[in-house]
Amino acid sequence: MSTPESTPFEIRASVELPAIREEVRLHTADGLTLVGELATPVGVAPVATLVTLHPLPTAGGFMDSHIIRKAAARLPALADLAVLRFNTRGTTSPRGTSDGSFGEGVAEREDVAAAMAFVAQRGLPDPWLVGWSFGTELALKYGLEHDIAGAVLLSPPLHRTSVEELRRWNDVSVPVIAVIPEFDDYLRPDAAAERFAVTPRIARVDVEGGRHLWVGETQTRRVLDEIVAAVNPSALPLPTTWPPASQGHA
């Protein structure tokens with residue numbers, strides 16, 4: 001007979017699956033301290049690391065923006081991934097406020113570097129940059145300055161990324177996937193095809209019915225599926241209940 005602890009439940013909204021969660025501080029070369037969290041799998045080594053870059057802080061983006069929060073809440077358990085999330089300079093969340101002030105995507109170069117230095121110091125494997133909206137600009141502008149395994153771009157607006165910065169990605173072999181919502185507020189599939197034409201190495205995934213903020217469980221699951229398909233495809237399909245039905249319960 002099932003016990004309350006063993007009865008599977010649907011993974012939705014604010015569900016937080018088992019992980020080792022550690023409050024961390026990142027230190028930038030220009031003297032700032034950024035607050036964040038590292039979530040790692042329980043009982044196994046992570047197979048790869050997601051270094052998440054949140055949406056625009058002046059528009060409400062922070063380390064708890066829902067896709068990033070749900071990646072940290074679910075993917076250590078569902079896909080054996082480490083997830084690092086943090087507030088860029090001047091950004092506030094319940095975890096705290098990072099030093100400094102918003103740098104228009106320029107000063108944040110040091111924030112990306114601080115995150116990658118932390119990953120290296122901890123010996124975390126195969127770091128992938130996962131940017132959302134403004135975070136995609138940071139990934140595209142500064143990702144090639146670091147030893148990354150790849151990048152996933154969610155709802156890229158391409159407001160701050162120059163053509164020259166895009167073209168640089170043609171010269172590397174790491175995979176890059178741009179996930180484009182059909183009804184994006186800034187860059188829809190047709191426009192994305194034109195803008196990304198200068199970088200044919202970047203694979204585009206157009207999501208029917210998708211929107212910039214990926215609101216709702218269906219869109220959340222689609223985004224997390226695309227991340228895992230790039231980073232650890234052997235973990236697919238992601239379970240929708242916990243504990244996963246494959247574990248079996250009496």
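Two strands count as paired if DSSP finds at least two bridges between them. Keep that cut-off handy for these exercises on a predicted model.

**Exercise 1.** Work out how many bridges join strand 8 to strand 9, and whether the two run parallel or antiparallel.

*Solution.* Start with the ranges: strand 8 covers residues 127–132 and strand 9 covers residues 150–154. Five bridges join them, and the cut-off is at least two, so they pair. Their direction is parallel. For one concrete bridge, take Trp 128, whose partner in strand 9 is Gly 150.

**Exercise 2.** Find the strand order of the open sheet, then say why one side of strand 2 and of strand 11 has no neighbour there.

*Solution.* Eight strands line up as 2-3-5-4-8-9-10-11, with mixed pairing. Strand 2 (20–27) and strand 11 (203–207) sit at the edges with a single partner strand each, so one side of each goes without a neighbour in the sheet. From one strand to the next, the twist averages 20 degrees. Now add helix 1 (residues 66–79): it lies across strands 2, 3, 4, 5, 8 and 9, at about 160 degrees to strand 5.

**Exercise 3.** Identify which residues touch the most other members of the largest nonpolar core, and which element gives the most to this core.

*Solution.* The core has 36 residues, and the best-connected ones are Leu 26, Val 51, Leu 84, Leu 129 and Phe 196. Helix 2 gives the most, with six residues. Zoom in on Leu 26: leaving out residues up to four places away in sequence, its contacts include Phe 86, Ala 114, Ala 115 and Phe 118. There's also a second, separate core of 33 residues, with Val 15 and Trp 214 among them.

Technical notes:
Residues are numbered from 1 along each chain as its sequence is written. This is a predicted model: local features need pLDDT of at least 70, side-chain atom pairs count only at pLDDT 80 or more; totals for chains, interfaces and linings use all residues. Side-chain values use heavy atoms; hydrogens and water are left out. Helices (H or I, at least four residues) and strands (E, at least two) are DSSP runs, numbered from the N terminus. Axes are lines fitted to C-alpha atoms, for helices over the stretch in contact, and angles run from 0 to 180 degrees between N-to-C directions. Contact means heavy atoms within 4.5 Å. A nonpolar core is a set of buried Ala, Val, Leu, Ile, Met, Phe, Trp, Tyr and Cys residues joined through side-chain atoms within 4.5 Å. Buried means under 20% relative accessible area, exposed over 50%, partly exposed in between (1.4 Å probe, protein chains only).
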